[in-house]
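Here's a two-chain model to walk through at an easy pace. Have a look at it, and then we'll go through it piece by piece.

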Amino acid sequence: MSLQQDPKISQGTVLILLIGKFKGKRVVFLKKLSSGLLLVTGPYNVNGVPLTRIKRKYVIATKTKVDLGELVVPEEINDKFFTPQKPINNWEKTEEKFFTKKQDLKKVGLNETQTKLQNQIDKPIYEAIKKVQYLKEYLTARFKLQKGQLPHKMKF
Amino acid sequence: MSQEQKKEIKPKKKQIKKKKKQNKSPRLHVDGIFMGYRRGLTTQKTGTSLIKIVGVTTRKETEWYLGKKVAFVYNASRHHNGSNVRTIWGKITSAHGNSGIVRAKFKRNLPAIAMGKKVRVMMYPSNI
């Protein structure tokens with residue numbers, strides 16, 4: 001995987017997500033992971049986007065940048081952090097799983113370490129966002145194409 | 001019958017107020033129209049579709065859209081995985097002519113019934 005520097009994306013750049021549950025949301029870029037995916041956060045208390053990773057091709061980089069200074073992202077937040085935890089007893093092949101409907105499957109919530117890291121990262125970012133006028137409102141608002149707007153004529 | 005009598009007979013229509021959907025999913029695609037297949041006068045090549053993207057009128061403007069994903073979205077009668085909405089995915093391969101029309105190839109060729117129907121041109125894969 002090439003880890004070439006993208007001239008448009010650097011720490012603090014505001015990105016627009018184009019795909020997934022959070023499509024249209026404007027998020028803050030943190031770092032590029034070793035797998036090549038981009039690590040981003042809402043921050044969570046601003047627009048509800050937690051620490052997530054996305055591919056570069058599903059993102060629009062904007063000129064807007066949050067001044068994060070020299071923010072160091074903890075080493076614990078890497079690709080392993082995002083891989084789902086495997087069930088202890090091979091639940092996938094049990095009878096119980098066979099009879100459980102897709103809708104009834106329990107969703108595994110975030111554990112303590114994940115929420116702790118989320119808050120740890122979000123705090124300095126939120127402080128930096130508050131300093132700039134309208135930046136919080138900008139990150140809260142979702143991007144969408146309105147009537148008459150053509151992306152090939154827009155400047156991001 | 002007098003006008004007053006006519007009014008009495010007609011039942012009053014209930015005014016049903018439609019609730020606006022909150023937090024509606026944002027539009028992150030450009031609409032296009034499936035014009036037809038790539039063709040000469042008498043034969044058509046159904047493997048390549050021609051798409052007219054709204055607002056794109058010159059060959060130079062189509063550069064931005066090359067490589068972008070396209071989706072033809074349609075409804076079916078049978079529900080599958082909780083939804084009856086189905087899509088055929090494809091991507092824009094090249095420009096077609098000088099007036100902003102674009103060629104696209106889909107995973108499964110578009111059905112002829114889709115001619116004149118809307119197609120969604122996505123903004124990804126993005127290199128902005």
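How much area is buried between chain B and chain A? About 1800 Å², with carbon and sulfur atoms giving 65% of that. Buried area here is the accessible area (1.4 Å probe) that two parts lose on being put together, summed over both. On the side of chain B, Arg27(B), Leu28(B) and Ile128(B) lose the most area to chain A, together 33% of what that side buries.

Before going further, a word on what you're looking at. This is a predicted model, where local features need pLDDT of at least 70 and side-chain atom pairs count only at pLDDT 80 or more, while totals for chains, interfaces and linings use all residues. Residues are numbered from 1 along each chain as its sequence is written, chains are lettered from A and ligands numbered from 1 in the order in which they are written, and side-chain values use heavy atoms, with hydrogens and water left out.

Back to the interface. Chain B brings 20 residues to the contact and chain A brings 23, where contact means heavy atoms within 4.5 Å. Sort the chain B side by class and you get eleven nonpolar, six polar and three charged residues. In that scheme Ala, Val, Leu, Ile, Met, Phe, Trp, Tyr, Cys and Pro count as nonpolar, Asp, Glu, Lys and Arg as charged, and the others, Gly among them, as polar.

How many salt bridges does the rule find across the interface of chain B and chain A? Zero, taking a salt bridge as a side-chain nitrogen of Lys or Arg within 4 Å of a carboxyl oxygen of Asp or Glu. There are, however, seven residue pairs in polar contact between chain B and chain A, both residues at pLDDT 80 or more. A polar contact is a pair of N or O atoms within 3.5 Å; within protein, one must be able to donate a hydrogen and the other to accept it, and residues adjacent in sequence count only if both atoms are side-chain atoms.

Now for chain B itself. Its six strands close into a barrel, in the order 1-2-5-4-3-6, with antiparallel pairing. Strands (E, at least two residues) and helices (H or I, at least four residues) are DSSP runs, numbered from the N terminus, and two strands pair if DSSP finds at least two bridges between them. Neighbouring strands of this sheet are turned by 45° against each other on average, direction ignored.

Let's trace part of the barrel. Strand 1 (residues 29-39) of chain B pairs with strand 6 (residues 118-122) of chain B over five bridges, and Val30(B) stands opposite Val121(B) there. Strand 1 of chain B also pairs with strand 2 (residues 44-53) of chain B, over seven bridges, and a hairpin with four residues joins the two. Ile33(B) sits opposite Lys52(B) in strand 2 of chain B, and Lys52(B) in turn stands opposite Ile101(B) in strand 5 of chain B. Strand 2 and strand 5 of chain B are joined by five bridges. From strand 5 (residues 101-106) of chain B, six bridges lead to strand 4 (residues 83-96) of chain B, with Ile92(B) opposite Ala104(B). Strand 4 and strand 5 of chain B form a hairpin with four residues between them, and Gly97(B) in the turn has a positive phi of about 80°.

Chain A has an open sheet of five strands in the order 4-3-2-1-5, again antiparallel. The edges are strand 4 (52-54) and strand 5 (59-65) of chain A, each pairing on one side only. Strand 2 (residues 26-32) and strand 3 (residues 38-41) of chain A share four bridges, and Val28(A) has Thr41(A) as its bridge partner.

Finally, some backbone oddities. Most residues other than glycine have a negative phi, and most peptide bonds are trans. Gly42(A) and Pro43(A) are joined by a cis peptide bond, with Pro43(A) in the loop between strand 3 and helix 1 (44-47) of chain A. Tyr124(B) and Pro125(B) are also joined by a cis peptide bond, and Pro125(B) lies in the segment after strand 6 of chain B. Tyr134(A) has a positive phi, near 70°, in the loop between helix 4 and helix 5 (135-140) of chain A.

Terms used: Axes fitted to C-alpha atoms, helices over the stretch in contact; angles between N-to-C directions.
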